[in-house]
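Let's take a friendly walk through a protein model together. Keep the structure in view and turn it as you read.

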Amino acid sequence: SNAYAKLGKTSEMYEQRAALYALYGNFDQAINNLHNAYKQNGSELEQRRLQARIDQLLEKKRQLAALQR
């Protein structure tokens, strides 16, 4: 993700960080990074894709919470 930052591709940087956080189950940080990527991206198609991923992670977060009860 640092390579993206050095190239000025902040949206991609946030998206890669989100992917790592999601792999470790840190859904809150993943979602926060995807929100940042969404804000940095001007493409409607990319914003829709990022929103879909946010929705997926929110659902995974809900599922995990249900299992922990």
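A good place to begin is a pair of charged side chains: Lys 61 and Asp 28 form a salt bridge, with their closest N and O atoms 2.5 Å apart. This pair links distant parts of the chain, since Lys 61 sits in helix H4 while Asp 28 sits in helix H3 (residues 27-40), 33 residues apart. Side chains of opposite charge can pair when their charged atoms come close. Please keep in mind that what you are looking at is a predicted model.

Are these two partners hidden or out in the open? Lys 61 is partly exposed, with a relative accessible area of 35%. Asp 28 is partly exposed too, and its relative accessible area is 43%.

Now let's step back to the whole chain. The secondary structure consists of 4 helices and 0 strands, and reading along the sequence gives the pattern α-α-α-α. If you follow the C-alpha trace along its principal axes, it spans about 45 × 25 × 10 Å. The protein chain has 69 residues, and 22% of them count as buried. Its accessible surface comes to about 5000 Å², and 49% of that surface belongs to carbon and sulfur atoms. Contacts can also tell you how the chain folds back on itself: of the contacts with a separation of 6 or more, 35% are between residues 24 or more positions apart.

How many salt bridges does the structure hold? There are 5, and you have already met one of them, the pair of Lys 61 and Asp 28. Another joins the side chains of Glu 15 and Arg 49, at 2.7 Å from N to O. Glu 15 lies in helix H2 and Arg 49 in helix H4 (residues 44-67), so this pair ties together parts that are 34 residues apart in sequence. Glu 15 counts as partly exposed, at 21% relative accessibility. The cut-off helps here: buried means under 20% relative accessible area, so the value of 21% puts Glu 15 in the partly exposed group. Arg 49 is also partly exposed, at 36% relative accessibility.

Arg 49 has another partner as well. With Glu 46 it forms a salt bridge in which the closest N and O atoms are 2.6 Å apart. Here the two residues belong to one helix: Arg 49 and Glu 46 are 3 residues apart in helix H4, so about one helical turn separates them. Glu 46 counts as partly exposed, with 27% relative accessibility. Put these pairs together and you get a network of salt bridges that links Glu 15, Glu 46 and Arg 49.

Next, let's look inside. In soluble globular proteins, nonpolar side chains tend to be buried together. In this model, the largest nonpolar core has 12 residues in all, among them Met 13, Phe 27, Ile 31, Leu 34 and Ile 54. Helices H2, H3 and H4 are the elements that give two or more residues to this core. Which of them provides the largest share? It is H3, with 5 residues.

Leu 34 makes a good guide to this core. You will find Leu 34 in helix H3, where it is buried, with a relative accessible area of 3%. Not counting residues up to four places away in sequence, Leu 34 touches Glu 15, Ala 18, Leu 50, Arg 53, Ile 54 and Leu 57. Notice Glu 15 in that list, the residue that pairs with Arg 49 in a salt bridge. Ala 18, in turn, is in contact with Ala 30, Asn 33 and Leu 34, again leaving aside its neighbours within four places in sequence.

Over in helix H4 you can find Ile 54. Ile 54 is buried, with a relative accessible area of 1%. Beyond its neighbours within four places in sequence, Ile 54 is in contact with Ile 31, Leu 34 and His 35.

To finish, let's return to the outside. Leu 20, Leu 23 and Tyr 24 form a nonpolar patch on the surface, with about 440 Å² of accessible area together. Is Leu 23 buried or exposed? Leu 23, found in helix H2 (residues 10-23), is exposed, with a relative accessible area of 72%.

Key: Residues numbered from 1 in each chain as written. Predicted model: local features only at pLDDT ≥ 70, side-chain atom pairs only at ≥ 80, totals over all residues. Heavy atoms only, no water. Patch = residues over 30% accessible without salt bridge, like charges linked within 9 Å, V, L, I, M, F, W, Y side chains within 5 Å. Areas by Shrake-Rupley, 256 points an atom, 1.4 Å probe, with all protein chains shown as cover. Salt bridge = Lys/Arg side-chain N within 4 Å of Asp/Glu carboxyl O. Buried < 20%, exposed > 50% of the residue type's maximum accessible area, 1.4 Å probe, protein only. Contact = heavy atoms within 4.5 Å. Core = buried A, V, L, I, M, F, W, Y, C linked by side-chain atoms within 4.5 Å.
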